[in-house]
Amino acid sequence: MIPKKYEQLLFSFLLSGLMSLMVSGISTLRATGVINGFFTLWMSAWITAWVFAFPVVIFVAPLTRRIVKILIAE
C-alpha cells in the first residue's frame with residue numbers, strides 16, 4: 001500500500017489522469033469523428049494532456065481550496 005503522506009499527490013495524479021482522459025477523448029472524437037486509428041490518436045492526446053494536467057492540479061488545488069473556504073458559509 002501507499003503511505004498516507006502521499007495521499008494528496010496520488011489524488012492529484014488520479015484526478016488529472018481521469019479528467020484528461022475524458023476531456024481528450026471527447027475533444028478528439030469531436031475533432032476527428034470515429035476514424036481508423038482513433039484510439040491511438042486519443043491516447044497520444046491524452047498523454048500530452050496529462051503531462052500538463054498533473055502539475056496544474058498540484059498547483060491549482062490549494063488555491064481552489066482557499067477560494068472554496070472563502071465562498072462557503074460556516
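Tutor: Let's start with a term: a salt bridge is a side-chain nitrogen of Lys or Arg within 4 Å of a carboxyl oxygen of Asp or Glu. By that rule the count here comes to one. The model is predicted, so local features need pLDDT of at least 70 and side-chain atom pairs pLDDT 80 or more, while totals for chains, interfaces and linings use all residues. Residues are numbered from 1 along each chain as its sequence is written, and side-chain values use heavy atoms, with hydrogens and water left out.

Student: What makes Glu7 and Lys4 a salt bridge?

Tutor: Their side chains meet at 2.4 Å, N to O. That distance is within the 4 Å limit, so the pair qualifies.

Student: And why is Lys4 called exposed?

Tutor: The relative accessible area of Lys4 is 64%. Buried means under 20%, exposed over 50%, and partly exposed in between (1.4 Å probe, protein chains only). Lys4 is over the upper cut-off, so it is exposed. Its partner Glu7, at 43%, falls in between and is therefore partly exposed.

Student: How do you know how many helices and strands the chain has?

Tutor: They are DSSP runs, numbered from the N terminus: helices are H or I with at least four residues, strands are E with at least two. The chain has two helices and zero strands.

Student: What makes the chain more spread out than a compact globule?

Tutor: Its radius of gyration is 16 Å, well over the 11 Å that the globule rule gives for 74 residues, so the chain is more spread out than a compact globule. The radius is taken over C-alpha atoms, and the rule is 2.2 Å times the number of residues to the power 0.38. Along its principal axes, the C-alpha trace spans about 50 × 35 × 15 Å. Buried residues are 16% of the 74 in the chain.

Student: Why is Ser12 called buried?

Tutor: Ser12 has 5% relative accessibility, which is under the limit for buried, so the name fits. Ser12 sits in helix α1. Beyond residues up to four places away in sequence, Ser12 touches Phe54, Val57 and Ile58, where contact means heavy atoms within 4.5 Å.

Student: What makes Phe38 and Trp42 a tilted pair?

Tutor: A pair of aromatic rings is described by the distance of the centres and the angle of the planes. Rings of Phe, Tyr and Trp (its six-membered ring) pair if their centres lie within 6.5 Å; planes under 30 degrees apart are stacked, over 60 edge-to-face, and the rest tilted. The count by this rule is five aromatic pairs. For Phe38 and Trp42 the centres are 5.8 Å apart and the planes stand at 40°, so the pair is tilted. Both residues lie in helix α2 (residues 38-71), four residues apart, about one turn of the helix.

Student: Why is Phe38 called buried, and why is Trp42 called partly exposed?

Tutor: Phe38 has 15% relative accessibility, so it is under the limit for buried. Trp42, at 22%, is in the range between the cut-offs and is therefore partly exposed.

Student: How do you know that Phe39 and Trp42 are edge-to-face?

Tutor: Their rings are 6.2 Å centre to centre, with 85° between the planes. The distance is within the pairing limit and the angle is over 60, so edge-to-face is the right name. Phe39 itself is exposed, at 54% relative accessibility.

Student: Which residues form one aromatic cluster?

Tutor: Phe13, Trp46, Trp50 and Phe54 do.

Student: What makes a nonpolar patch of Ile2, Tyr6, Leu9, Leu10, Phe13 and Leu14?

Tutor: Patches are made of residues with over 30% relative accessible area and no salt bridge; like charges are joined within 9 Å, nonpolar side chains (Val, Leu, Ile, Met, Phe, Trp, Tyr) within 5 Å. Take Leu10, in helix α1 (residues 7-32): its relative accessible area of 33% is over 30%, so Leu10 meets the area cut-off. Together the six residues have about 540 Å² of accessible area, found by the Shrake-Rupley method with a 1.4 Å probe, where for residues only the protein chains shown count as cover.

Student: Why is Leu41 called partly exposed?

Tutor: At 38%, Leu41 lies between the two cut-offs, so it is partly exposed. Leu41 belongs to helix α2 and, leaving aside neighbours within four places in sequence, is in contact with Thr28, Thr32 and Ile35.
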